[in-house]
Amino acid sequence: MNTSPTDKTTFSLLEREYYMSEEIFEREYDRIYSREWIFAAHVSQLPKKGAYVKFSYGGEEIVVVRDEGDQFHANLNVCRHRGFRLCVEETGSVRAFVCGYHQWRYDLDGSLVGVPQMPDGEYFDYKDFPLRTAQTEVWHGMIFVNLNSVPVEPLGERLAAFDATINKFAPERTKLAHSIKYELDANWKIVVDNALECYHCRGTHQTLCAVVDVAGLMSDLKEWLADTGDGPSDLGQAGMRIRPGMQTLSADGTLIAQKLLGSCTSVDVDDGISGGVMVVPNFFYAAFYVDHWWTIAIRPISARKTELIYSWYVRADAEEGVDFDVDRLIEVGHTTQSEDNRLIARTQAGVESRFFEPGPIGSDVEPALNDFAMNYLKYLD
Ligand code: FES
Ligand SMILES: [Fe+2]
């Protein structure tokens, strides 16, 4: 019997240091996280002027706030006086950002408008010290931010291929129903790897496997990031397909919410349609079903700490307790992610061993892993 790797086998590409080194983490921040679009929030989380959401990645804190109408700003949470953190809470509502140290006052767009005891122009010009800002873009109701200091390709253009799928579900006419922040003691790439293969699904995810077509998902994953000749893609289009006869991604396959999304009809319910969007290496995934949708955003905090934000949405006019029940809405996702989190923590622990070395992987069993790693390394160069 031939026990050597065959042409169906490749090896993982990343050595141990990629999962531990703060130096590599800094490079990832410079090359990926400070340049690419990062999912921040859904517009429903900022219902009126002054409402804000604060979140972190790569050691930075960003505050996204709604101004007039549909205008959003993203301000770095660093006072221009002596660096104090302006916002402490993760969500809130303000008329202006007032620093808690010496009461400098900033408008929602970050301009400095008030400094106690130092009138404008007498010590310095206020206009020279606005909060640092990030670029923002709203795509189908999802707010993204970008820390790049030069204007970047609009996200909507980059993701235009997904418009047809997304329009069907109209996520801009939905609202956040529940969100969970999982704080993981693991490198973000271990979290991404886990999300990119379903080789572990049958052994781990009983609840998920009851409703998801695992074989279909595994073959979809092959296409998602596939090497098309110019190197692997950083976008993927597919939903986590559900089994024939199921209506939506719920524990028993029946509808979770009575109010259907977008233009979905009872025929779509019978067909159990789904859709999905994935962006890497800064991982963002959105999955759509007839009655709800969800997002997963992975936010690296340090080389060994990652936040995974899982959020579930329903149609804007759906009422909790009447049209849907939060426990049912999150059941499959939360159960599955909790199972994944245990796998992720133990993988990180093992990868930190001096004896860890990249092992063989089946090129058709978990194909997206090396596509992701190749893509990531391309960004890092
Ligand atoms: S540090 Fe913010 S006002 Fe002084
Ligand atoms: Fe999993």
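**A walk through a two-domain model**

The buried residues of helix H4 are Trp188, Lys189, Ile190, Val191, Val192, Asp193, Asn194, Ala195 and Leu196. This is a predicted model. Helix H4 spans residues 188–196. It is mostly covered, since nine of its nine residues are buried. Charged names such as Lys189 and Asp193 appear in that buried list too.

Now step back to the whole protein. It is divided into domain 1 and domain 2. Domain 1 comes in two pieces, 1–35 and 162–381. Domain 2 covers 38–151. The C-alpha centres of the two domains lie 30 Å apart.

Where do the domains touch? The contact takes 20 residues from domain 1 and 16 residues from domain 2. Look at the side of domain 1 that touches domain 2. Helix H1, strand S12 (174–184) and strand S16 (293–302) each supply at least two residues there. S16 gives the most, with six residues. By type, this side of domain 1 divides into eleven nonpolar, five polar and four charged residues.

Finish with a single residue, Glu17. It is found in the loop between strand S1 (9–11) and helix H1 (22–33). Is Glu17 buried or exposed? Count its neighbours: 11 other C-beta atoms lie within 10 Å. A residue is exposed if that count is 12 or fewer. Therefore Glu17 is exposed. Glu17 also has a partner from far along the chain. Val351 is 334 residues apart from Glu17 in sequence, yet their C-alpha atoms are separated by 9.0 Å.

Notes:
Residues numbered from 1 in each chain as written. Chains lettered and ligands numbered in written order. Predicted model: local features only at pLDDT ≥ 70, side-chain atom pairs only at ≥ 80, totals over all residues. Helix = DSSP H or I, 4+ residues; strand = E, 2+ residues; numbered from the N terminus. Buried ≥ 20, exposed ≤ 12 C-beta atoms within 10 Å, placed from the backbone. Domains from an automatic or database assignment. Contact = placed C-beta atoms within 7 Å. Nonpolar A, V, L, I, M, F, W, Y, C, P; charged D, E, K, R; others polar.
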